Amino acid sequence: LHVYTQLSCGSVLQRQTVPFNNKSLYDLQEKLEEVYDDVALDEKKNRVSVAESVRVTQNSSQYVTLEWDSDPLADMVADSVLAIILEMSDDAVSEHRQFWRPPASKYDTSAEEQPMSSEKEKE
């Protein structure tokens with residue numbers, strides 16, 4: 001690009017730290033291998049690499065840091081890695097989360113069918 005114009009290319013290194021309560025990188029590696037073929041654990045650096053684009057470093061027993069050079073593919077991988085990490089979290093809020101379910105309506109086929117009364121039947 002710089003050959004033809006005066007524009008230059010830049011790169012953005014993204015870094016995100018998230019809770020990872022008392023889990024090991026081995027557990028994370030196993031979960032990531034269920035989704036990705038290219039997962040590598042570097043015990044010396046206390047780091048897991050995913051698809052040669054996202055690096056997950058365990059800072060303490062409480063947190064991990066995701067790092068990646070921003071591009072569309074690496075962003076997508078980082079999003080899925082983050083989702084797996086949050087899914088693994090043993091946060092008390094996530095364990096006890098209950099989802100709101102709307103009440104059954106007369107149009108819900110899974111609800112028990114009850115006969116509807118009409119004004120004509122009463123006469």
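This is a short walk through one protein structure, from its overall layout to a few single residues.

Before anything else: the model is a predicted one. Please keep that in mind throughout.

Let's start with the parts list. The protein has four helices and five strands. Going along the sequence, the pattern reads β-α-β-β-β-β-α-α-α. The chain has 123 residues, and 25% of them are buried. The accessible surface is about 9,900 Å². Carbon and sulfur atoms account for 49% of that surface. Now take the contacts between residues at least 6 apart in sequence. Of these, 51% join residues at least 24 apart.

Next, the sheet. What is the order of its five strands? It runs β1-β5-β4-β3-β2. The sheet is open, and the pairing is antiparallel. As a reminder, strands of a sheet pair through backbone hydrogen bonds, either parallel or antiparallel. At the edges stand β1, residues 13-19, and β2. Each has a single partner strand, so one side of each has no neighbour in the sheet. From one strand to the next, the twist averages 20 degrees.

Let me go through some of the pairs. β1 and β5 are joined by seven bridges. There, Q14 has W68 in β5 as its bridge partner. β3 and β4 are joined by four bridges, again antiparallel. In that pair, S49 is matched with R55 in β4. β2 and β3 also pair over four bridges, in the antiparallel sense. Here D42 stands opposite R47 in β3.

Stay with β3 for a moment. In a regular strand, side chains alternate between the two faces of the sheet. Which residues of β3 are on the covered face, and which on the uncovered one? V48 and V50 are on the covered face. R47 and S49 are on the uncovered face.

Now the turns. Most residues other than glycine have a negative phi. Two residues here go the other way. One is N46, in the loop between β2 and β3. That hairpin has four residues between its strands. N46 is not a glycine, yet its phi is positive, at about 55 degrees. Its relative accessibility is 34%, so N46 counts as partly exposed. The other is A51, in the loop between β3 and β4. This hairpin has three residues between the strands. A51 has a positive phi too, near 55 degrees. At 31% relative accessibility, A51 is also classed as partly exposed.

On to the helices that pack on the sheet. Helix α1 covers residues 25-33, and its buried residues are L25, L28, Q29 and L32. Why do these line one face of the helix? Seen down the axis of α1, they fall within an arc of 100 degrees, so they share a face. What covers them? The cover includes β2, β3, β4 and α2. Against the sheet, α1 touches β2, β3 and β4. The direction of α1 makes about 170 degrees with that of β2.

Helix α2 spans residues 72-88. It lies across β1, β3, β4 and β5. Relative to β5, α2 runs at about 170 degrees.

That brings us to the core. The largest nonpolar core has 22 residues. Within it, L28, L66 and I85 touch the most other members. Which elements give two or more residues to this core? They are α1, β3, β4, β5 and α2. The largest share is from α2, with eight residues.

Two residues give a closer view. Take L66. Setting aside residues up to four places away in sequence, L66 touches a long list. Among them are Q14, V18, V54, V56, A78, L82 and I85.

Now turn to L82, which sits in helix α2. Is L82 buried or exposed? Its relative accessibility is 15%, and buried means under 20%, so L82 counts as buried. Beyond its neighbours within four places in sequence, L82 is in contact with Q16, V18 and L66. Q16 and L82 are 66 residues apart along the chain. Their C-alpha atoms are separated by 9.2 Å.

To close, here is the picture to keep. There is an open antiparallel sheet of five strands. α1 packs on it, and α2 lies across β1, β3, β4 and β5. The core takes its largest share from α2. Thanks, and I'm happy to take questions.

Terms used:
Residues numbered from 1 in each chain as written. Predicted model: local features only at pLDDT ≥ 70, side-chain atom pairs only at ≥ 80, totals over all residues. Heavy atoms only, no water. Buried < 20%, exposed > 50% of the residue type's maximum accessible area, 1.4 Å probe, protein only. Arc of directions from axis to C-beta. Contact = heavy atoms within 4.5 Å. Areas by Shrake-Rupley, 256 points an atom, 1.4 Å probe, with all protein chains shown as cover. Core = buried A, V, L, I, M, F, W, Y, C linked by side-chain atoms within 4.5 Å. Pairing = 2+ DSSP bridges. Axes fitted to C-alpha atoms, helices over the stretch in contact; angles between N-to-C directions.
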